[in-house]
Structures are given as structure tokens and as C-alpha cells.
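Me: I am new to this structure and would like a close look at a single part of it. Please start from one residue and its contacts, then go on to the aromatic rings and a pair of helices.

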Amino acid sequence: MLLPIRSVPALHSVDSEIFTLRYFQHCLQCTFCHDSCCQYGCDVNVGERDRLLALKTELEPFLGVPSTEWFKSEVYEDPEYPTGKFVRANTKNGACVFLNRKGRGCGIHAFAMATKRDYHSIKPMVCWLFPVCWDKGVMRPNSDVKDDLACANTGPTLYEGARDEIRVVFGDALVAELDALKKQVDAGQLATSETVR
């Protein structure tokens, strides 16, 4: 399945901490966090919400949650999202409503795998880019990485873990630029908490 055409968040800077902060990365192999990064719900671009709702007949029984409970009703304006608007996913029993109640990890991701869909076409972009995010034109670590990510300081860097997903959103040219910046950070030519323009 081809990915839908989407607009890309405009970036002007990169927080170099994406090249130094680390996390476990292999979430479904984790035995210690119990999907804690999915406890708050997530931001969902309105276009992504609409794609999920278009699949509600198939997705509701898979998730075990009616589609009327998937999203909060408030719509937020934000020009950095592809449609310029986003909603929040609800939480249920202390976790994202989309958490896989029959196993581990994201239920949307599990549904995509079970139905042979590319998860990029239906899973919220902020989730598959995690723990890297963008904010006000800056690619940076998600705030959970520093605040309360159970698997912080282990495994690959945020960039190494998210590199392929960054490529899906932003393309080969940005990944090539980021690879060059990573080499500078690794060589000590950039400070590890510097925002690079």
C-alpha cells in the first residue's frame, strides 16, 4: 500500500540531544515499563483521526473500544500538523485508548500488522516518530525522554532509533543532513545540547 501524500512539518533547527540521549528502542522486547510511554494518549492529526474512523467497523472489535470513545472532542489549531489541526486520543484504565489490550504495544500498530497494512498509513505520526518529535520548527527529543521514560539511558540514541521513521516523514535529504550532524556531535565538534540551524 502506498503512503498517502502528506504535508511535512517545517523544520528550521535540530536539538543535538537527539544524537546523545538514549532509549531501549525495542519496545515489545521490554520487560520493565509495561507500555508506560502509552499512558497519556497522544496527539492525532485530524487527517489521521479521519482515517482511523473510516476503519471503525474493523478496528472497534480489534481494540475492544467503541470509536465514540477514541478521541477527546476538542480540536486544536496547530499549523505544524499536516491538516493544521489535531485532537487528543482518550485514555482508558490509565493508558492510551489505542493500547493493545490483548498483548503489548499499540493496538493500531498490531491491527495494521494483522491486516497487512502499512502502519504509517493509520497510526498517528507522533507515535511512530517517538521519542523524537517536532515543536515550533525544531526536531527535538520528546519531553517524556527526560521526564519519565522508563527506558531512558539504554540502547541506541534517539536519532539512531527513529532514523528510518524520520526518513518516511522528512525524506532522504534531511536524513543525510542529520547523519552529518551526528558525525559532528560524535566527533565533539557540536555541543550535546546545542540547537543547530
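Reply: Leaving aside residues up to four places away in sequence, K56 touches P61, S67 and W70. The model is a predicted one, and the contacts of K56 are read from it. S67 lies eleven residues from K56 along the chain, with 6.2 Å between the two C-alpha atoms. K56 belongs to helix α2. Its relative accessible area is 39%, and because buried means under 20% and exposed means over 50%, K56 counts as partly exposed.

Helix α2, which covers residues 56-63, also holds F62, and this leads to the aromatic rings. The count of aromatic pairs comes to eight. One of them joins F62 and F111: the ring centres are 5.5 Å apart and the planes stand at 70 degrees. Planes over 60 degrees apart count as edge-to-face, so that is the label for this pair. F111 sits in helix α3 (residues 107-114), so the pair ties together parts that are 49 residues apart in sequence. F62 is partly exposed, at 25% relative accessible area, whereas F111 is buried, at 2%.

The rings of Y81 and F86 form a pair of another kind. Their centres are 4.6 Å apart and their planes are at 25 degrees, so the pair is stacked, the cut-off being under 30 degrees. Y81 is buried, with 9% relative accessibility, and F86 is buried as well, with 11%. Ring pairs also place Y81 and F86 in a cluster with Y76 and W134.

The pair of helices comes last. Helix α6 spans residues 158-170 and helix α7 spans residues 172-186. Their axes come within 8 Å and cross at roughly 155 degrees. Since an angle over 145 degrees counts as roughly antiparallel, α6 is roughly antiparallel to α7. On the α6 side the contact is made by Y159, E160, R163, I166, R167 and F170. On the α7 side the residues are D172, L174, V175, L178, D179 and K182. Taken by type, the residues of this contact divide into six nonpolar and six charged, with no polar ones.

Note on methods: Residues numbered from 1 in each chain as written. Predicted model: local features only at pLDDT ≥ 70, side-chain atom pairs only at ≥ 80, totals over all residues. Heavy atoms only, no water. Axes fitted to C-alpha atoms, helices over the stretch in contact; angles between N-to-C directions. Helix = DSSP H or I, 4+ residues; strand = E, 2+ residues; numbered from the N terminus. Parallel < 35°, antiparallel > 145°, perpendicular 65-115°, else oblique. Contact = heavy atoms within 4.5 Å. Nonpolar A, V, L, I, M, F, W, Y, C, P; charged D, E, K, R; others polar. Phe/Tyr/Trp six-rings, centres within 6.5 Å; stacked < 30°, edge-to-face > 60°. Buried < 20%, exposed > 50% of the residue type's maximum accessible area, 1.4 Å probe, protein only.
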